[in-house]
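Biologist: I have the model open and some labels to challenge. Walk me through the reasoning behind each one.

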Amino acid sequence: MRLTLGDDTLTVSGVAFAARNESRFGLSAEAAVRMADSVALRDELIATNRPVYGVTTGFGDSARFQLNPRRTAELQRNLVRYHLNGTGAHAAPEVVRATMLIRANCLARGYSGIRREVVDLLVDCLRHDILPLIPERGSVGASGDLVPLCYLADMLTGEGEVMFKQARWQAADALRACGLKPATYEAKEGLALINGTSFMSGFAALAAHDAAELARVAELCTALAAEALLGNRGHYHPAIHRQKPHRGQVLSAQRIHGMLAGSYLCTDDNPVLEPHAAVEEREMLTLNRSIQDRYSLRCAPHVIGVLRDTLGWVSEWIEVEINSTNDNPLFDAGTGEVHNGGNFYGGHVGQAMDSLKVAVASVGDLLDRQLALLVDDKFNAGLPPNLTPLAETGLHHGFKGMQLACSALAAEALSLTGPSTSFSRSTESHNQDKVSMGTIAARGARTVNELVTEISAIVLLATCQAADLRGRELLGEGTRAAHRLLREHVPFLHHDRRLDGDLAKVAELIAAGAFTPPEEADA
């Protein structure tokens, strides 16, 4: 994949692909011109001796101090140094790559007063996979991601540590090994690099991409669970969902219904619905099964559909963010003006991620409820307790431990759904007195995705175990293909054994999109 930066075409899927696969990058010709023009305007304004925020003044509450123009470069280096105070685990390499790509794209739009050669160096580091070690904690989401992005800015000057060739290197050594020369920042350039929303947006783009895969896998889990529980395919009939046509709900029902095509276990012709002449001779007749499945099956399109529809506007918001100029001040070469504003505020990212984690956690809860039905012989339509082959029941306990673990994962995911954006704090001498907490929200969405991926892996293992107990030859067309793929990696559970390795393998397959046919990947 080749990505052109600075022309407002970067997408969520493009970010996810580039963060996880080898890609090519380049700046558009128009972007290079705009960048040069903004730098020329920056230098013209400095020459007038007028105060320009963050260029010839201090930062934040210290903007009331104007500095001699000769000290603009020193000011930028100090800005990076005093923000190097992040804590916590280092961000995953894919998050760092996404951050670098998004930051380069935003700066390449040409309104930030930063030279092309600095952005080129950032792109070169991405191309050579020189990745700054960025602590995850320390950003309040306005003025953007100051603390995390300082580690990126520090790397470009040859300072700090990086990951390169799967080892920790000094940044200067890694740059030298690739024939790259460290940057020396001019006026505004340190601020341009750190005063933006690119770290939270890196998390957010990956979270949205991965949540879309979880929606597809949840539909597969539901189809398999419906077969394992001898459910009613009619619950997913298009006639029902046309009467409540939320796009995500309709699509989810369509996919589940389609995967069950050809199934002998979950059919539209539920035997319970056949006429019972004996009811005319009695006051009441007890059916051997309910005519409707429980909500975790019947209402699955309504739950997963909420996630699908949430992803629609979430992805739109993220794509606006990653194709925006989100630092301050902005240089408009067309008018010759400099504008002071607050585009670094991560409110849209924060709101999107708070909403996304609620929708994803709800899907995780749905799948956990399906698993609870599968393992309990009071509810699983004749399957053995805990999905253990009958000859081994009592001595072996099958999926009993997996159900306990799944419940814990669901509880943890649900516990993280509180809105991070509600916890604004007044910071920096009450200059930053309303902040977004967008980065914390985006990190939380990433964590909820991880938990629901593990829930999905457990449910796929359990439903495929149930399918083998029922007879895999009775599965529908779509579910049979998924069962075959899973069995290529994980064997049937004949007796008790450790399952953490199986769980990890299936979680990796989910994360890689292995259960999604190529034609459905963009659905």
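Biologist: Which strands form the open sheet, and in what order?

Modeller: This is a predicted model. In it, three strands form the open sheet, ordered β4-β6-β7, with antiparallel pairing.

Biologist: What makes β4 and β7 edge strands?

Modeller: Each pairs on one side only. β4 covers 131–132 and β7 covers 167–170.

Biologist: How do you know that β4 and β6 pair?

Modeller: Pairing needs at least two bridges. β4 and β6 (residues 161–164) have two bridges, in the antiparallel sense. Therefore they count as paired. P132 stands opposite V162 in β6.

Biologist: Now the helices. Why is α9 called oblique to α11?

Modeller: The axes of α9 (residues 198–228) and α11 (residues 247–259) cross at roughly 45°. Angles under 35 degrees would be roughly parallel, and 65 to 115 roughly perpendicular. The crossing angle falls in neither range, so α9 is oblique to α11. The axes come within 9 Å, and the crossing is right-handed.

Biologist: Which residues make that contact?

Modeller: From α9, they are R216, E219, L220, T222 and A223. From α11, they are S252, R255, I256 and M259. By class, the contact of α9 with α11 has four nonpolar, two polar and three charged residues.

Biologist: Why is H430 called exposed?

Modeller: Exposed means over 50% relative accessible area. H430 has 60%, so it counts as exposed. H430 is in the loop between α15 and α16 (438–470).

Biologist: And why is A381 called partly exposed?

Modeller: Buried means under 20%, and exposed means over 50%. A381 has 31% relative accessibility, so it lies in between and counts as partly exposed. A381 is in the loop between α14 (347–375) and α15 (400–415).

Biologist: What is the phi of A381, and what is the phi of H430?

Modeller: Phi of A381 is near 55°. For H430, phi is about 65°. Both values are positive, and neither residue is a glycine. Most residues other than glycine have a negative phi.

Biologist: Where are the cis peptide bonds that join A142 to S143 and N328 to P329?

Modeller: S143 is in the loop between β5 (135–137) and α6 (146–156). P329 is in the loop between α13 (300–322) and β8 (330–332). Omega is about 10° for the bond joining A142 and S143. For the bond joining N328 and P329, omega is about 0°. Most peptide bonds are trans.

Conventions
Residues are numbered from 1 along each chain as its sequence is written. This is a predicted model: local features need pLDDT of at least 70, side-chain atom pairs count only at pLDDT 80 or more; totals for chains, interfaces and linings use all residues. Side-chain values use heavy atoms; hydrogens and water are left out. Axes are lines fitted to C-alpha atoms, for helices over the stretch in contact, and angles run from 0 to 180 degrees between N-to-C directions. Helices (H or I, at least four residues) and strands (E, at least two) are DSSP runs, numbered from the N terminus. Angles under 35 degrees count as roughly parallel, over 145 as roughly antiparallel, 65 to 115 as roughly perpendicular and the rest as oblique. A crossing is left-handed if the near helix is turned anticlockwise from the far one by less than a right angle, and right-handed if clockwise. Contact means heavy atoms within 4.5 Å. Ala, Val, Leu, Ile, Met, Phe, Trp, Tyr, Cys and Pro count as nonpolar, Asp, Glu, Lys and Arg as charged, and the others, Gly among them, as polar. Buried means under 20% relative accessible area, exposed over 50%, partly exposed in between (1.4 Å probe, protein chains only).
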